[in-house]
Amino acid sequence: MSGALGKDLLGLEPLSAEQIKLILDTAEPFKEISERAIKKVPTLRGSTIVNLFFENSTRTRISFEFAEKRLSADPVNVSATGSSVSKGETLVDTARNLEAMRIDMVVIRHGSSGAAQFLAERIKSNVINAGDGMHEHPTQGLLDLLTLRDHFGGLAGKRVCICGDVLHSRVARSNIWGLRKVGAEVAVCGPRSLLPSAIEELGVTVFDHIEDAIEWADALNVLRLQIERMTGGYIPSLREYNRVFGVTRDRLARAPRDVLILHPGPMNRGVEIDSDVADGDHSVILDQVTNGIAIRMAVLYLLAGGNPTLAESAKAAAR
């Protein structure tokens, strides 16, 4: 199957601004479905979707599963533990065996950058990248954009700073590609040891001090320190990191304007973000989680060949 996005969603870098706007606009009518007493429409009835998660995940896997069920697809969850992968089977052999069971889509999370594209080039089913190594996490980037657009009414000209462990973050790359394409200004802030070399070549401003980032930004997207991916001493200590780069209430209180707070989760409270900021009035962290289902419904719908102009009627079909 293929639709307005083509066969696969592998990242935001290859998408045009129009395609990104199409996904955001298509997600809008799907939001209402999650507010119903019966949260289900028949749009993808009969479709089988395999959630192939080779890395641990809670919110992304569950969010995809909710999206699939609310569109009446049949989801199948596969993890590396307990599957034939643990016996040495390759990724392609696993996918091809699943495809022989007549599946329609694969949602894949994998620890290696490029794994989603590798798979997409070898199977006929639609492939959605749910996070590959340190490359991209496109649906997280899209739900971040939708949350910002909900709050600001538009994205052009808005200033968004991505703070923290940019080096290991696939969310950061999807945010940078997506936000810049729709006209937002993007900056990054964090220890130089946790910023990719030549990050400026992606068209972003670099702040070395969190206070400067807060003064500049309309919104901060605060990233988790990915300790599990760190093989060396990137920071002196968690306490030192919080002291120098932590997003705290006192620092935000000195900002010249209200600053919107996002975080892709899971959070390290008291490290990159303090609890009174994460739970404060300007936090939209739980809105991000809610919007994630609508974005994933939109992506599934469009990749399945859904007509974006009929998304509203697809929602209404179950009334």
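How many cavities of 30 Å³ or more does the structure hold? There is one. The model on screen is predicted, and this tour begins at that cavity.

**Stop 1: the cavity**

Select Cys-163, Gly-164, Cys-189, Ile-210, Val-222, Tyr-241, Phe-245, Val-247 and Glu-272, which line the largest cavity. The volume enclosed there is about 30 Å³. By class, the lining of this cavity has seven nonpolar residues, one polar and one charged. Rolling a probe the size of a water molecule over the atoms shows where empty space is left.

**Stop 2: Val-222**

Keep one residue of that lining, Val-222, and look at its surroundings. Val-222 belongs to strand E8. Is Val-222 buried or exposed? Val-222 is buried, because its relative accessible area is 1%, under the 20% limit for that class. Beyond its neighbours within four places in sequence, Val-222 is in contact with Cys-163, Val-247, Leu-262, His-263, Pro-264, Glu-272 and Ile-273. Now add Val-284, which lies 62 residues away from Val-222 along the chain. The C-alpha atoms of Val-222 and Val-284 are 12 Å apart.

**Stop 3: Asp-218**

Step back along the chain to Asp-218, in the loop between helix H7 (210-216) and strand E8 (219-222). Asp-218 counts as buried because its relative accessibility is 15%. To see what surrounds Asp-218, show Phe-152, Gly-157, Lys-158, Arg-159, Arg-257, Asp-258, Val-259 and Leu-260; Asp-218 touches each of these, with residues up to four places away in sequence not counted.

**Stop 4: the largest pocket**

Next, select Arg-109, Arg-170, Arg-224, Gly-265 and Pro-266. Among the 20 residues that line the largest pocket, these lie nearest its centre. The volume of the pocket is about 470 Å³. Which helices each supply at least two residues of its lining? They are helix H2 (59-70) and helix H6 (170-181). Sorted by class, the pocket lining holds four nonpolar, nine polar and seven charged residues.

Stay with Gly-265 and Pro-266 and zoom in on the backbone. The peptide bond from Gly-265 to Pro-266 is cis, and its omega is near -10 degrees. Pro-266 sits in the loop between strand E9 (260-262) and helix H10 (275-278).

**Stop 5: two helices that pack together**

Show helix H5 (residues 138-152) and helix H11 (residues 285-303). Their axes are 8 Å apart, and the helices pack at an angle of about 120 degrees. The crossing of H5 and H11 is right-handed. On the H5 side, the contact is made by Thr-139, Gln-140, Leu-142, Leu-143, Asp-144, Leu-146, Thr-147 and Asp-150. On the H11 side, select Asp-287, Gln-288, Asn-291, Gly-292, Ile-295, Arg-296 and Val-299. The residues of this contact comprise five nonpolar, six polar and four charged.

Within H11, pick out Gln-288. Gln-288 counts as buried because its relative accessibility is 2%. With neighbours within four places in sequence left aside, the contacts of Gln-288 are Gln-140, Leu-143, Asp-144, Thr-147, Leu-262, His-263 and Pro-264. The C-alpha atoms of Gln-288 and Thr-147 are separated by 5.9 Å, although the two residues are 141 residues apart along the chain.

**Stop 6: three residues in loops**

Go to Arg-102, in the loop between helix H3 (91-99) and E3. Arg-102 has a positive phi of about 65 degrees although it is not a glycine. Arg-102 is exposed because its relative accessible area is 66%, over the 50% limit for that class.

Then move to Ala-198, in the loop between strand E6 (185-189) and strand E7 (205-207). Ala-198 also is not a glycine, and its phi is positive, near 60 degrees. Its relative accessibility is 39%, so Ala-198 counts as partly exposed.

The last selection is Gly-111, in the loop between strand E3 (105-110) and helix H4 (115-120). Gly-111 is partly exposed because its relative accessibility is 39%. With residues up to four places away in sequence not counted, Gly-111 touches Glu-55 and Gly-133. How far apart are the C-alpha atoms of Gly-111 and Gly-280? They are separated by 33 Å, and the two residues are 169 residues apart along the chain.

Technical notes:
Residues are numbered from 1 along each chain as its sequence is written. This is a predicted model: local features need pLDDT of at least 70, side-chain atom pairs count only at pLDDT 80 or more; totals for chains, interfaces and linings use all residues. Side-chain values use heavy atoms; hydrogens and water are left out. Axes are lines fitted to C-alpha atoms, for helices over the stretch in contact, and angles run from 0 to 180 degrees between N-to-C directions. Helices (H or I, at least four residues) and strands (E, at least two) are DSSP runs, numbered from the N terminus. A crossing is left-handed if the near helix is turned anticlockwise from the far one by less than a right angle, and right-handed if clockwise. Contact means heavy atoms within 4.5 Å. Ala, Val, Leu, Ile, Met, Phe, Trp, Tyr, Cys and Pro count as nonpolar, Asp, Glu, Lys and Arg as charged, and the others, Gly among them, as polar. On a 1 Å grid over the protein atoms alone, a cavity is a set of points where a 1.4 Å probe fits but cannot get out, and a pocket is an open set with protein on both sides within 12 Å along at least five of seven lines; lining residues have an atom within 4 Å of a point. Grid points are joined across faces, edges and corners, and a volume is the space filled by probe spheres set on the points. Buried means under 20% relative accessible area, exposed over 50%, partly exposed in between (1.4 Å probe, protein chains only).
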